[in-house]
Amino acid sequence: MNDASPPVEISNRKADVPHLRAAIEDLVAGRCHDPFALLGRHRDGRQDVVRVFYPDAQEVRLVVIRPKSAPIEKPMQRIDTRGVYAAALPLRATYRLRILWADGWQDMYDPYSFGTLLGDLDLHLFAEGRHHALDQMMGAHAMTIDGVHGVRFAVWAPNARRVSVIGDFNIWDGRRHPMRLRHNGGVWELFVPEIGAGERYKYEIMAADGSLLPGKADPFAFTAEQPPATASVVADPHEFSWDDDTWMAERQEKQNLSSPLSIYEIHAPSWRRPGHGHAYTSWNELADNLIPYIQGLGFSHIELLPITEHPFSGSWGYQPLSLFAPTSRHGSPADFAHFVDRCHQGGIGVIMDWVPAHFPADIHGLALFDGTHLYEHADPHEGYHQDWHTLIYNFGRNEVRGFLIASALFWLRKFHIDGLRVDAVASMLYRDYSRKEGEWRPNIYGGRENLEAVAFLRELSTVMRELHPDAMLIAEESTAWPGVTASAETGGLGFRFKWNMGWMHDTLRFMQTDPLWRGYHLHDITFGMIYAYSERFILPLSHDEVVHGKGSLLDRMPGDDWRKHANLRAYFGLMWAFPGKKLLFMGGELAQRGEWRHEGELEWHRLGDTLGHGMHDTVADLNRLYHAYPALYAEDHSHHGFQWLIADDTQNSVFAWLRHAHEAAPILIICNFTPLPRENYRIGVPHGGYWHEIINTDGEKYGGSNVGNGGGVMADEGFSTHGMPCSVALTLPPLAVLYLSPVAAS
């Protein structure tokens, strides 16, 4: 802005007032902190005066609206050559504006003719971090006020000198729409008439020191431009019409602790690309292809890697900036709602990864939002993630805590999401996470625990349980922090489930070991049972295990190609028989050979060969059995549901155990982790009769050698072993897992 401004043209007595001159100078220079003190309607003796600012207008007219006669139109007087206009108005009269631009006349309402927009209770709850519907208070809302259609904007920036909303509607000129500050909440608000859904916008923020920040995207935006563009977009205000009443009514039963829960983890962009290119499939296209695929595989849920808007695709969504906006890469918010709706109608639950642990430092985002460390800690010892080069939310600040909790509730309410998996919980819990001595600040008691993060997680879980008791909160937590799935009231964190990272690492290590040496490493399988009931676990084979040079699951198995596939089938058989809910990252069911690439798509050609299709059928049949036999899931979190039979056969690397459930038939599981068949291998069972072989991962249909027991065996009631009154003599196929069930339950 040029400081050598033209002189003010004085056209009435008010313009001579020094404070009015100063206010006009601040407005024109873009420094106006309180635009409503200058612009809009103001009392002037026995009449009102209206002032407006349109720097590029050729003429501005005031249209006085009279209820019983035609409007009166009169020119407004330019009181400053840089675009400030004024005109007298009868007391209590309403008005509009007519503006002559270079390309013609425009009729519009004055943004500064509207009163305060947000209620005092809203502002009070926001300041306390207890406003659980911030999506309805903050951000950009297309609405009608006093019969005028427009968009109400609200943003938190308590330390700013001036905040303006900018967009195509004001040629991105921050002087045109400076906002009103509501001091009791630090929230800036403005109603801009006669714009609506689809408008691009940002906030132009002047810091307290007078410096102008880069345009900021709206932290509460509901949709955004597709990256690499960075503007927020006013969302369609119409509510989505849901058709998932049956699913929502049954969700509590489908997601309780004793229900079968098998999850297919998916990175939506790279599951399948349209035309095998690098474009993004739409939510509708994804639904068309994914839903029948998941139904065929038998998974109960999908889990989406973060779909909150994020600037860098290479972060896979784990560096989000818009925690209220589904990414525009796949379509509109309504498209995403329709996707969830179709999943529910197809009997599939939808979990999404949600990231309150960190956010990127992109200049259009939350970093230094109002010129201060508003969302993040100022101290890099507390506010900077060295591993990911991202910033850490200040969980001790009421407004930040409320922002995050409101985001979580938004997805559950607005999009009927069935569960939130919280990423990187360990990084939130520990102040010294991935830090050396001297690189972190202790808590007020001198400890390493992040007390503010603990309080935040407890509050989140408590509020979720109160408002959405049938929705799941799932922790990715990799340490031995006690009570992750214990209730907040008893000192826990309140999650429904926790990923069992220890089980994943131990069993993968075992499966990567050459079968010749597996007998020396049986503890990698048995150790998980020592702590299996300390938390409520999900067993994950997640995306983190098939990236960064680790190779695919198949590639990590030892041996030639046949043995690799046999090992992986056996591993899946072990996983589906072990206590804990199940999660498999996409591509595992195809025996994908290559490491996952976020810019590519799955190796769909593997369905065309015997071993690849066999792996797909293995997973589908394991899911079918898992849902059909309560013994495989109903007592996942009780020691009554699991009974070791063989855990010490170091010579043969054979394991055997029973799964139990109340008033349900037991399931016998036998794992042979060597490539040698075992003949006449005797294992104890709880009763006699015929035991049906309900799955054999070495079956011919799966690409195996078809060694087995001809469909089942009779138990020998005169031969007790392993503490059981009866036993069966089995042929154990190579690198395979068997499930057997009493014939009455088959």
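1. A search of the whole structure, which is a predicted model, finds 53 aromatic pairs. A good one to begin with is F36 with Y112, an edge-to-face pair whose ring centres are 4.9 Å apart and whose planes make an angle of 65 degrees. F36 sits in the loop between α1 (18–29) and β1 (40–44), while Y112 sits in the loop between β8 (104–108) and α2 (120–128), so this pair ties together parts of the chain that are 76 residues apart in sequence. Are these two residues buried or exposed? F36 has a relative accessible area of 15%, so F36 is buried. Y112, at 7%, is buried too.

2. Now turn to a second pair, F336 and W411. Their ring centres are 6.2 Å apart and their planes stand at 80 degrees, so this pair is also edge-to-face. You will find F336 in helix α7 (residues 333–345) and W411 in helix α9 (residues 398–414), so to speak two distant parts of the chain, 75 residues apart, that the pair links. F336 is buried, with a relative accessible area of 0%. W411 has a relative accessibility of 0% and counts as buried as well.3. Aromatic rings in this model also have charged partners. The charged end of R98 sits over the ring of W105, at 4.7 Å from the ring centre. Another case is R569, which lies over the face of W562, with 6.0 Å to the centre of that ring. Both are worth opening in the viewer.

4. Next comes a pair of helices. Two packed helices are described by the angle between their axes and the distance between the axes. What are these values for α6 and α16? Helix α6 (residues 283–297) packs with helix α16 (residues 610–628) at an angle of about 70 degrees, and the axes are 7 Å apart. Angles of 65 to 115 degrees count as roughly perpendicular, so α6 is roughly perpendicular to α16. On the α6 side, the contact is made by Y293, G296 and L297. On the α16 side, H616, V619, A620 and N623 take part. Sorted by type, the residues of this contact are four nonpolar and three polar, with no charged residue.

5. It helps to step back to the whole chain. How many helices and strands does the protein chain have? There are 16 helices and 36 strands. The C-alpha trace spans about 115 × 55 × 45 Å along its principal axes. Of the 746 residues in the protein chain, 60% are buried. Take the contacts with a separation of 6 or more: residues 24 or more positions apart account for 71% of them. The two aromatic pairs above give you a picture of such links, as F36 and Y112 are in parts 76 residues apart and F336 and W411 are 75 residues apart.

6. R51 deserves a closer look. This arginine is found in strand β2 (residues 47–53). Is R51 buried or exposed? Its relative accessibility is 8%, so R51 counts as buried. R51 and G40 are eleven residues apart in sequence, and their C-alpha atoms are 5.3 Å apart in space.

7. E717 can be set beside R51. E717 has its place in the loop between β34 (712–715) and β35 (726–732). With a relative accessible area of 60%, E717 is exposed, whereas R51 is buried. Which residues does E717 touch, leaving aside its neighbours within four places in sequence? The contacts are with G688, G689, P725 and C726. In addition, the C-alpha atoms of E717 and H687 are separated by 7.3 Å, with their positions 30 residues apart along the chain.

8. Some backbone details are also worth checking. P227 and P228 are joined by a cis peptide bond, with omega about 15 degrees. P228 lies in the loop between β15 (223–224) and β16 (232–233).

9. Finally, look at two residues with a positive phi. N680 is not a glycine, yet its phi is near 55 degrees. N680 is found in strand β32 (residues 678–685), and its relative accessible area of 57% makes N680 exposed. L735, again not a glycine, has a positive phi of about 45 degrees. L735 lies in the loop between β35 and β36 (736–742). Where N680 is exposed, L735 is buried, with a relative accessible area of 1%.

Note on methods: Residues are numbered from 1 along each chain as its sequence is written. This is a predicted model: local features need pLDDT of at least 70, side-chain atom pairs count only at pLDDT 80 or more; totals for chains, interfaces and linings use all residues. Side-chain values use heavy atoms; hydrogens and water are left out. Axes are lines fitted to C-alpha atoms, for helices over the stretch in contact, and angles run from 0 to 180 degrees between N-to-C directions. Helices (H or I, at least four residues) and strands (E, at least two) are DSSP runs, numbered from the N terminus. Angles under 35 degrees count as roughly parallel, over 145 as roughly antiparallel, 65 to 115 as roughly perpendicular and the rest as oblique. Contact means heavy atoms within 4.5 Å. Ala, Val, Leu, Ile, Met, Phe, Trp, Tyr, Cys and Pro count as nonpolar, Asp, Glu, Lys and Arg as charged, and the others, Gly among them, as polar. Rings of Phe, Tyr and Trp (its six-membered ring) pair if their centres lie within 6.5 Å; planes under 30 degrees apart count as stacked, over 60 as edge-to-face and the rest as tilted. Buried means under 20% relative accessible area, exposed over 50%, partly exposed in between (1.4 Å probe, protein chains only). A charge sits over a ring if NZ of Lys or CZ of Arg is within 6 Å of the ring centre and within 35 degrees of the ring normal.
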